[in-house]
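The following exercises concern one protein chain and its sheet. Please study the sequence and the structure before reading each solution.

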Amino acid sequence: MSRLADLRFRATTTFQRRVGNPVLRRLPFQTVLETTGRVSGLPRRTPVGGRRVGDSFWLVSEFGDRSQYVRNIKADPRVRVRIRGRWYDGTAHLLPDDDPVERLRSLPRLNSVGVRVMGTRLLTVRVDLRE
């Protein structure tokens with residue numbers, strides 16, 4: 001990873017951890033992905049942008065396998081997603097062969113712009129939801 005990309009990753013994740021995530025995950029209609037911490041075993045909640053399509057929820061990770069929630073998914077793909085205030089259980093799938101730039105075109109525009117601007121290693125994630 002280039003020095004600029006590493007600096008962007010550190011600045012973005014520091015801001016998200018200290019300011020963005022604590023505020024956003026409390027908003028009742030913010031979409032939130034809950035994974036199980038791979039070391040602690042505790043629930044970890046991350047505000048995400050994405051879109052539900054049928055029984056699947058799609059999102060693009062801006063930092064690919066460097067994102068903590070992606071690392072948690074690799075350790076345990078069982079997740080929960082809060083969509084419009086309602087929690088759904090699901091199984092997450094990392095899709096490195098999917099075109100994340102093309103995928104972003106079908107996701108909410110505001111989030112997609114942020115992911116494109118700040119992202120360094122995009123990765124598509126699909127969550128198969130269960131009722």
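**Exercise 1: Strand pairing**

In strand 2, Pro 47 is the bridge partner of Val 32. The model is a predicted one, in which local features need pLDDT of at least 70, side-chain atom pairs count only at pLDDT 80 or more, and totals for chains, interfaces and linings use all residues. Residues are numbered from 1 along each chain as its sequence is written, and side-chain values use heavy atoms, with hydrogens and water left out.

Task: State in which sense strand 1 and strand 2 pair, and over how many bridges.

Solution.
Step 1. Recall the terms: strands are DSSP runs of E with at least two residues, helices are runs of H or I with at least four, and both are numbered from the N terminus. Two strands pair if DSSP finds at least two bridges between them.
Step 2. Strand 1 and strand 2 pair in the antiparallel sense, over five bridges.
Step 3. Their hairpin has six residues between the strands, and Gly 41 takes a positive phi near 80° there.

**Exercise 2: The sheet and a helix**

Task: Give the order of the seven strands in the open sheet.

Solution.
Step 1. The order is 2-1-5-6-7-4-3, with antiparallel pairing.
Step 2. Strand 2 (43–47) and strand 3 (51–53) are the edge strands, each pairing on one side only.
Step 3. Strand 3 is joined by three bridges to strand 4 (residues 56–61), and the two run antiparallel. Here Arg 51 stands opposite Trp 58 in strand 4.
Step 4. Helix 2 (residues 68–75) packs on the sheet, and its direction makes about 50° with that of strand 1 (32–36). Such angles run from 0 to 180 degrees between N-to-C directions, with axes fitted as lines to C-alpha atoms, for helices over the stretch in contact; contact means heavy atoms within 4.5 Å.

**Exercise 3: Two residues of strand 5**

Task: Is Val 81 buried or exposed?

Solution.
Step 1. Buried means under 20% relative accessible area, exposed over 50%, and partly exposed in between (1.4 Å probe, protein chains only).
Step 2. Val 81 lies in strand 5. Because its relative accessible area is 1%, Val 81 is buried.
Step 3. Leaving aside neighbours within four places in sequence, Val 81 contacts several residues, including Leu 33, Phe 57, Trp 87 and Val 127. The C-alpha atoms of Val 81 and Val 127 are separated by 8.4 Å, although the two residues are 46 residues apart along the chain.
Step 4. Arg 82 is also placed in strand 5. The side chain of Arg 82 reaches the backbone oxygen of Gln 30 at 3.1 Å.

Technical notes
Polar contact = N/O pair within 3.5 Å; in protein donor to acceptor, adjacent residues only side chain to side chain.
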